[in-house]
Amino acid sequence: MTRTWSIRRQLTRYVLGLVLLAWAATVLIATFAIRYEMNEILDEELRTVAEATALFLEDAEGPPNPRVIGLTDASGNRVLRVTRTGQSTADAPWPVLETDGLHNTAGWRVLRLTAGGGVVEVGHNLSWRLEELWEAASSMLVMILPMIALLIWGLRRSLAQALAPLERLAATIVARKPEDLSPVPLDDLSQETLPLIAGMNAYIARIETLRLAERQFIANAAHELRTPIASIYARLELSSDPDAKIAVPQLKSLTHRLGRLLQLSRSEAGLGLGAGPSDLVQILRLVIEEVGRNTDRPIHFDDGDHEQMIVPHDPDALAILLRNLLENAVEHGTGTVRIRLGPGAQLRVENPTDNPGFLEEPFRKGAQSGGTGLGLSIVSALVNVMGVEVDKQIFGGQAVVTVTFADRAQ
């Protein structure tokens, strides 16, 4: 099983991965920066509280208060301890500090300041400070999430617009007919896809060159052989030699094959095909009469009460198409050939067959088939040139070919 992958998904995955990696690095750096700034702010808060408390002690009137002052906020995360000089130390979550300044001890960030006849100690719980840090970082993360969603939407939209020309190109290539070997247009393509399309056009050009050479060879060979074989055929028909009469059917078959090859070459090249209009009923009657003269197979024609049916197709091309359809049914089918002309310029050719490969391409001849097997190839070539729709089916031992011609000429 062939493994496929999507350029859009790959690019989205890669770009989004890089953006998320850059975002994570930015968040990490920003977290360290926020931590540094918050520590400075909270340390400044400790210093402000300690200095304000020291000023209060210096301005206090009366004799020194022998009591120990201990203040704690409601959450227990901020603690203020004030101790008068010479008095016992009030209870606090941290041990006794001997020097002034900032200290990290017992899970607390403490500022000790000696002033006003006493010692002021202000502390923050380090766990609380960490929680405050994560709250700030989380707020930043939440604010970035809408930006990520916007980035994903914009990235997908941008990729869709960037890949739209490539998708249109793919749709154009898929919609092309098999016989269309014209170069793929290079308009509205990215620089990255130009080498691919240039290589494809070079490959198409090589195929077209080979097809033209093959077609030219077949046409030239058939044309060069047709005249001498026709001359030999005429002489053998006039000859009284019994051995010569034996070769007449073989030469007739060979002449028929050469004629089919010329028709195939002309059909594939689209040479000499005009635009019509032509009368489908009249041409169909003439073809049925011509084919009927060369076979003992019954051919029944139902014109659907149409006296005429004008179609915008070249009469010669229409005659070649109809002749090959009927000859194919006569040569490779069995029983009566029934032709029905329906509304909407639709032709139906039906006949019994015991060959399951009767309508397949490449053609598979049955045991009783006596034709060349080129009829369907000629029909396919003409269908592509004329813009005609053909549907071929075999069911219940019946081969049915339905031809829908273009809109009627006005």
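The predictor's confidence in each residue is given as pLDDT, on a scale from 0 to 100, and a contact means heavy atoms within 4.5 Å. The structure described here is a predicted model, in which local features need pLDDT of at least 70, side-chain atom pairs count only at pLDDT 80 or more, and totals for chains, interfaces and linings use all residues. Residues are numbered from 1 along each chain as its sequence is written, and side-chain values use heavy atoms, with hydrogens and water left out.

Confidence is a helpful place to begin. The protein chain has a mean pLDDT of 76, and 74% of its residues reach 70 or more. Two stretches call for care. Over residues 362–372 pLDDT stays under 50, and the model has 26 contacts beyond four places in sequence for them. Residues 62–68 also stay under 50, with nine contacts beyond four places in sequence. Where pLDDT is low, the predicted coordinates should not be read in detail. Among the elements of the chain, the lowest mean pLDDT, 58, belongs to strand β1 (residues 69–72), and the highest, 92, to β7.

The overall fold comes next. Helices (H or I, at least four residues) and strands (E, at least two) are DSSP runs, numbered from the N terminus; the protein chain contains seven helices and 12 strands. Of its 410 residues, 35% are buried, where buried means under 20% relative accessible area, exposed means over 50%, and partly exposed lies in between (1.4 Å probe, protein chains only). Of the contacts with a separation of 6 or more, 65% are between residues 24 or more positions apart. The accessible surface, from the Shrake-Rupley method with a 1.4 Å probe, comes to about 24,900 Å², and carbon and sulfur atoms account for 58% of that surface.

Helix α6 deserves a closer look. It covers residues 315–332, 18 residues in all, and reaches 25 Å from its first C-alpha to its last. That span is close to the 26 Å expected at 1.5 Å a residue, the expected span being 1.5 Å times one less than the number of residues. Helix α6 is mostly covered, with 15 of its 18 residues buried.

Charged pairs also feature in the model. A salt bridge is counted when a side-chain nitrogen of Lys or Arg lies within 4 Å of a carboxyl oxygen of Asp or Glu, and by this rule there are eight salt bridges. One of them joins helix α6 to another helix: E290 pairs with R323, the closest N and O atoms being 3.2 Å apart. E290 lies in helix α5 and R323 in helix α6, so this pair ties together parts that are 33 residues apart in sequence. E290 is partly exposed, with a relative accessible area of 30%, whereas R323 counts as buried at 17% relative accessibility. Elsewhere, D43, R109 and R129 are joined into one network by salt bridges that share partners.

Helix α5 takes part in a further bridge, in which the side chains of R285 and D303 meet at 2.6 Å, N to O. This pair links distant parts of the chain, with R285 in helix α5 (residues 280–293) and D303 in the loop between β7 (299–302) and β8 (310–311), 18 residues apart. R285 is partly exposed, with a relative accessible area of 41%, while D303, at 19%, counts as buried. In strand β8, V311 is buried, with a relative accessible area of 0%. V311 and V281 are 30 residues apart in sequence, and their C-alpha atoms are 9.8 Å apart in space.

The aromatic rings give a shorter list. Rings of Phe, Tyr and Trp (its six-membered ring) pair if their centres lie within 6.5 Å; planes under 30 degrees apart count as stacked, over 60 as edge-to-face and the rest as tilted. The count by this rule is one aromatic pair. W94 and W108 form this tilted pair, with 5.6 Å from centre to centre and 55 degrees between the planes. W94 sits in the loop between β2 (78–84) and β3 (101–105), and W108 in strand β4 (residues 108–115), 14 residues apart. Both W94 and W108 are buried.

Strand β4 also holds A115, which is buried, with a relative accessible area of 16%. Leaving aside neighbours within four places in sequence, A115 is in contact with A54, L57 and E58. A115 and A54 are 61 residues apart in sequence, yet 5.5 Å apart in space, C-alpha to C-alpha.
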